[in-house]
Amino acid sequence: MIQHEGYMTRSLLQAQKWSCLWDQPFWVIVIDSTWKIVWEDHDRVASQCDPTAHAEINAIRWLCKQLQQTKLPWYIFYCSSEPCPTCLTACIKAKVRCIVYWAKTEKTASLPLSAEWLASFSKKHPIEIIWGILETEALEQREQL
């Protein structure tokens, strides 16, 4: 049985721990097909002066460079927030297997599009979307940060 709660707890704790250092408390944990954590990353928009330097994009860039490939079909991304359209599109293009996040946040996003809705258009390379893991705890944390 997949232990989504454990990975999500870690993602939320890391986002909270490091939120004082970055402008946005966004964190991603990437696991491989053996359920091993292979990479963790965070939002670097302010420190890199790059509006695309979201946690998921940074993780994709690092993994693709390390693996010397542009496809990541055996990886699952555990995100501390619902992926924005840019991050979700990048995950689809990289053929990421699955994205897990805690709660829907598109209502407060700069471009309010649901990750599930956007993923539904990916017919050639479908991506699994799982959400609602530790939803209450995560929403409480988001209000505090």
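The legends below describe close-up views of a predicted model.

**View 1. Strand β4 and its two parallel neighbours.** Strand β4, made up of residues 98-101, pairs in the parallel sense with strand β3 (residues 76-79) over four bridges, and β4 likewise pairs in the parallel sense with strand β5 (residues 128-131) over four bridges. On the β3 side, Phe77 stands opposite Ile99 of β4, while on the β5 side the bridge partner of Val100 is Ile130. Both faces of β4 are covered, with Cys98 and Val100 buried on one side and Ile99 and Tyr101 buried on the other. The connection between β3 and β4 runs through helix α4 (residues 85-93), and these three elements make a right-handed β-α-β unit.

**View 2. The largest nonpolar core and the surroundings of Phe77.** The largest nonpolar core has 23 residues, and those with the most contacts inside it are Leu72, Phe77, Leu88, Ile99 and Ile127. Two or more residues of this core are given by each of β1 (27-31), α3 (55-67), β3, α4, β4 and α5 (115-119), and the largest share, five residues, comes from α3. A second, separate core of 15 residues includes Trp27, Cys98, Val100 and Trp102. Leaving aside residues up to four places away in sequence, Phe77 touches Val28, Ile29 and Val30, then Glu56, Ala59, Ile60 and Leu63, and also Cys91, Val96, Cys98, Ile99 and Val100.

**View 3. Helix α1 and its buried face.** The 15 residues of helix α1 (residues 4-18) should span 21 Å at 1.5 Å a residue, and the end C-alpha atoms of α1 are indeed 21 Å apart, which agrees with that expectation. Its buried residues are His4, Tyr7, Met8, Ser11, Leu12, Gln14 and Ala15. Seen down the axis of α1, these buried residues fall within an arc of 160°, so they line one face of the helix. An α-helix has 3.6 residues a turn, so residues three or four places apart point the same way.

**View 4. Met8 and its contacts.** Met8 has its place in helix α1 and, with a relative accessibility of 0%, counts as buried because the limit for that class is under 20%. Although Met8 and Tyr78 are 70 residues apart in sequence, their C-alpha atoms are 6.3 Å apart in space. Not counting residues up to four places away in sequence, Met8 touches Tyr78 and Cys79, Val100, Tyr101 and Trp102, as well as Ile133 and Leu134.

**View 5. Two residues with positive phi, Cys49 and Gln68.** Most residues other than glycine have a negative phi. Cys49, which is not a glycine, nevertheless has a positive phi of about 50°, and its place is in the loop between α2 (45-48) and α3. Gln68, again not a glycine, has a positive phi of about 55°, and the place of Gln68 is in the loop between α3 and β3. With a relative accessibility of 71%, Cys49 counts as exposed, and Gln68, with a relative accessibility of 67%, counts as exposed too.

Definitions and conventions: Residues numbered from 1 in each chain as written. Predicted model: local features only at pLDDT ≥ 70, side-chain atom pairs only at ≥ 80, totals over all residues. Heavy atoms only, no water. Buried < 20%, exposed > 50% of the residue type's maximum accessible area, 1.4 Å probe, protein only. Pairing = 2+ DSSP bridges. Right-handed = clockwise from strand over helix to strand, strands pointing away. Core = buried A, V, L, I, M, F, W, Y, C linked by side-chain atoms within 4.5 Å. Contact = heavy atoms within 4.5 Å. Expected span 1.5 Å × (residues − 1). Arc of directions from axis to C-beta.
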